[in-house]
Amino acid sequence: MDTCGKCNKPAASTSFTMLCIGCYERELHKDVVLKKKNAALTAENERLKERVAELESEDILDWEARIKTAPPRPSGKLRVKLRYVGRSKPSGEEGDDDA
Ligand SMILES: [Zn+2]
């Protein structure tokens, strides 16, 4: 009788390479898991590609773009007169050595 290529148990059927039922199912399970992971990665990859294309199209600079001259800002003269009203009092929040 043939034996499993992985665990040396007798191989029940020869549907795969020489494997026992347990190893065969494990291999199938691995295969399913890998396919799922692969599909997820492919989907993620597609999403990233789309996002990159989106960002690239947004980031293209139009070097020939005309920049309008800014509207003139209001201008004029201000006349002020400063009046001395004494030294401001310390806030007392820091460096309050005398208190
Ligand atoms: Zn086996």
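Good morning. Let me begin with a definition: a helix here is a DSSP run of H or I with at least four residues, and helices are numbered from the N terminus. With that in place, we can locate Asp2, which belongs to the segment before α1. Please keep in mind throughout that this is a predicted model.

I shall start with the chain as a whole. Its secondary structure consists of one helix and zero strands. The chain has 99 residues, and 3% of them are buried. Next, consider contacts between residues with a separation of 6 or more: pairs 24 or more positions apart supply 0% of these.

Now to the helix. Helix α1 covers residues 21–59, which is 39 residues. From its first C-alpha to its last, α1 reaches 56 Å, close to the 57 Å expected at 1.5 Å a residue. Is α1 buried or in the open? Of its 39 residues, zero are buried, so the helix lies largely in the open.

Let us turn to the segment before α1, and return to Asp2. Asp2 is exposed, because 12 other C-beta atoms lie within 10 Å, and a residue counts as exposed at 12 or fewer. Along the chain, Asp2 and Met18 are 16 residues apart, and their C-alpha atoms are separated by 7.2 Å.

Asn8 is also found in the segment before α1. What is the phi of Asn8? It is positive, at about 65 degrees, although Asn8 is not a glycine. For context, most residues other than glycine have a negative phi. As for its surroundings, Asn8 has 9 other C-beta atoms within 10 Å and is therefore exposed.

The third residue I wish to discuss is Ala12, again placed in the segment before α1. Ala12 has 14 C-beta neighbours inside 10 Å, and so it counts as partly exposed; that category lies between the limit of 12 or fewer for exposed and 20 or more for buried. Which residues does Ala12 touch, if we leave out those up to four places away in sequence? They are Cys20 and Ile21. Ala12 can also be compared with Tyr24, twelve residues away along the chain: the C-alpha atoms of the two are separated by 10.0 Å.

To conclude, the predicted model shows one helix and zero strands, and α1 lies largely in the open because zero of its 39 residues are buried. Thank you for your attention.

Note on methods: Residues are numbered from 1 along each chain as its sequence is written. This is a predicted model: local features need pLDDT of at least 70, side-chain atom pairs count only at pLDDT 80 or more; totals for chains, interfaces and linings use all residues. Helices (H or I, at least four residues) and strands (E, at least two) are DSSP runs, numbered from the N terminus. Two residues are in contact if their C-beta atoms, placed from the backbone, lie within 7 Å. The expected span of a helix is 1.5 Å times one less than its number of residues.
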